[in-house]
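Work through the exercises below with the model open. Try each task before reading its solution.

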Amino acid sequence: MFPRRIATVIVSILSLLAAASAADTSGVPSPAARMERRMADLRKSPLELTALLYRMPKGADLHNHLSGAIYAESFLEEAVAEHLCVDKSTMSLVARPAGAAQCPAGLVDASAVPADNTLRNALIDAFSMRNFVAGPQSGHDHFFDTFGKFGAAGTGTLVAEVAQRAADQNESYIELMALSGGGPIAALGQTVGLTDDFDATRRKLEAAGLAAQVQAARAKVDQMEQARRAALGCTRNPDSAACRLVVRYQYQVLREFPKQQVFAQVIAGFAIAAADPRVVAVNFVQPEDGYNSMHDYSLHMKMVAYAKSVYPQVHISLHAGELAPGLVPPDGLRFHIREAVETGQAERIGHGVDVMYEKDPAGLLKQMRDRHVAVEINLTSNDVILGVKGERHPLPVYRKYGVPVALSTDDEGVSRSQLTEEFVRAVLTHNLTYSDLKDMIRNSLEYSFAPGASYWRERKYSAPVSACAAGRKSAACADYLGKNEKARLEADLEDRFAAFENSRE
Ligand SMILES: [Zn+2]
């Protein structure tokens, strides 16, 4: 503990020096310098720090699984609305047989849950990490098992909850992993099969009805967007914080499925993202340490490379390196992030926890820096799933090598967390200053898949592009912001920073 305390003191002194040097010539500290000092002072008062960080502008949450973001309480309400049943032997929701007036014998009607606090509490614990104590079941297994327990409830109407929570925390953009390739798309892959000839297999998938699945996914996005806007009242009140929050979607390939089903999902995901601007990227999900995830990893990366060659405009973010020593054999820790970057052409890496166990980690980190591959850092999730935290977490190493990083939530509902908690952890555990956070927040929009060019001349964020050099109100800048959504979000973030730094709350 002693060395960390010294490090904390040094960081506090450094941030005070930075604050002092940021004073203008009259000796009056700038608003940013005042905030730097205030945050340094509040390290001693985590609750006050939490309240301050709650209000802080946070840019984007780039790594957020919709079903994992929903709190158990909301799933239970949805279960009542959808007339689901509860299987108490597994603490999971199950669909009522079509047309059945009652739940089958042995199952409980979900409508009974609100009046039964014992059952309700047990279900909330089963659907999340609340009250979890590792025993015969690990945190990793309990975490991933939750998805099967609440999975029968629809998430389509629940995007609003996630959007509202993000807006309440002064976020301006989220990418939700909300579409997945299970069901009919995986079934299509099972029928078509897979050979080494990816091109021929893709054509067979297209002939077997892939286009209809693309349409079905787009209809699902329509439905989620309509439900979100209706629940938030966006027609009546388009300028509310929650309605101004930009929501985009990612398609999730289920990597634990057999390889012929994974291939169909990859092709479908790229086709969907190419067809619908609201779907900005393809990602890979499910436990990376599972049998198919490990066994087929290199093949999966080749599938992504192939799909990218067919649909070059589609963005790629890949969960990679969500592993820890002991979870898999040492060889399994040696190549996932590198292959995601070099073969899978990932523009962003989700987690990247095991980076220092990769072959030539310094070379890999420099490559990520030079290629501008950002890392989505999920501190709470890495703690509860992998047991990786504190000095064993690679966040400081990524920062040391100049790899862009941004904080994200992963599964805030399952973790019983929210983005603010990730910021609190980052400040208190990794001794980050206000300007460190600001840099990461600017990264979150710069490395988002929002369309258009950047507001910034370069990625040190010191000056805007030449169109905006004469100020935000110039005609050239207004025109530029009108054409570039990313730049618009980034300029808006700067306004939010100014308001935050000038506030006297
Ligand atoms: Zn994730």
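## Exercise 1: the three-stranded sheet

Val 86 stands opposite Val 108 in S4. The model is predicted: local features need pLDDT of at least 70, side-chain atom pairs count only at pLDDT 80 or more, and totals for chains, interfaces and linings use all residues. Residues are numbered from 1 along each chain as its sequence is written.

Task: find the strand that pairs with S4, then place both in their sheet.

Solution.
- Step 1. Strands here are DSSP runs of E with at least two residues, helices are runs of H or I with at least four, and both are numbered from the N terminus.
- Step 2. Two strands pair if DSSP finds at least two bridges between them. Strand S2 (residues 85-87) and S4 have two bridges and pair in the antiparallel sense.
- Step 3. The open sheet has three strands, ordered S3-S2-S4, with antiparallel pairing.
- Step 4. Strand S3 (92-94) and strand S4 (108-109) are at the edges; each has a single partner strand, so one side of each lacks a neighbour in the sheet.

## Exercise 2: the eight-stranded sheet

Task: give the strand order and the pairing sense of the eight-stranded sheet, then locate the helices H8 and H11 on the strands.

Solution.
- Step 1. The order is S1-S5-S6-S7-S8-S9-S10-S11 in an open sheet, and the pairing is parallel.
- Step 2. Strand S1 (59-65) and strand S11 (405-407) form the edges. Each has a single partner strand, so one side of each is left without a neighbour in the sheet.
- Step 3. From one strand to the next, the twist averages 25°. Axes are lines fitted to C-alpha atoms, for helices over the stretch in contact, and angles run from 0 to 180 degrees between N-to-C directions.
- Step 4. Strand S5 (residues 171-180) runs parallel to strand S6 (residues 246-254), and seven bridges join them. Met 177 stands opposite Gln 250 in S6.
- Step 5. Helix H8 (residues 159-168) packs on the sheet and touches S1, S5 and S6. Its direction makes about 155° with that of S5. Contact between two residues means that their C-beta atoms, placed from the backbone, lie within 7 Å.
- Step 6. Helix H11 (residues 210-232) lies across S5, S6 and strand S7 (279-285), at about 140° to S5.

## Exercise 3: three helix pairs

Task: describe how H8 packs with H11, H9 with H13, and H3 with H21.

Two packed helices are described by the angle between their axes and the distance between the axes.

Solution.
- Step 1. H8 and H11 pack at about 55°, with axes 8 Å apart. They are therefore oblique to each other. Angles under 35 degrees count as roughly parallel, over 145 as roughly antiparallel, 65 to 115 as roughly perpendicular and the rest as oblique.
- Step 2. The crossing of H8 and H11 is right-handed. A crossing is right-handed if the near helix is turned clockwise from the far one by less than a right angle, and left-handed if anticlockwise.
- Step 3. Val 159, Ala 160, Ala 163 and Gln 164 of H8 meet Met 224, Ala 227, Arg 228, Ala 231 and Leu 232 of H11. By class, this contact has seven nonpolar, one polar and one charged residues. Ala, Val, Leu, Ile, Met, Phe, Trp, Tyr, Cys and Pro count as nonpolar, Asp, Glu, Lys and Arg as charged, and the others, Gly among them, as polar.
- Step 4. Helix H9 (residues 184-192) and helix H13 (residues 259-275) have axes that come within 7 Å and cross at roughly 125°. That makes H9 oblique to H13. Their crossing is right-handed.
- Step 5. Among the H9 residues in this contact are Ile 185 and Leu 188; H13 residues include Phe 263 and Ala 264. The classes are seven nonpolar, five polar and no charged.
- Step 6. Helix H3 (residues 46-55) and helix H21 (residues 419-430) pack at about 130°, with axes 9 Å apart. H3 and H21 are therefore oblique, and their crossing is right-handed.
- Step 7. H3 contributes Pro 46, Leu 49, Thr 50, Leu 53 and Tyr 54, and H21 contributes Thr 420, Phe 423, Val 424, Val 427 and Leu 428. This contact divides into eight nonpolar, two polar and no charged residues.
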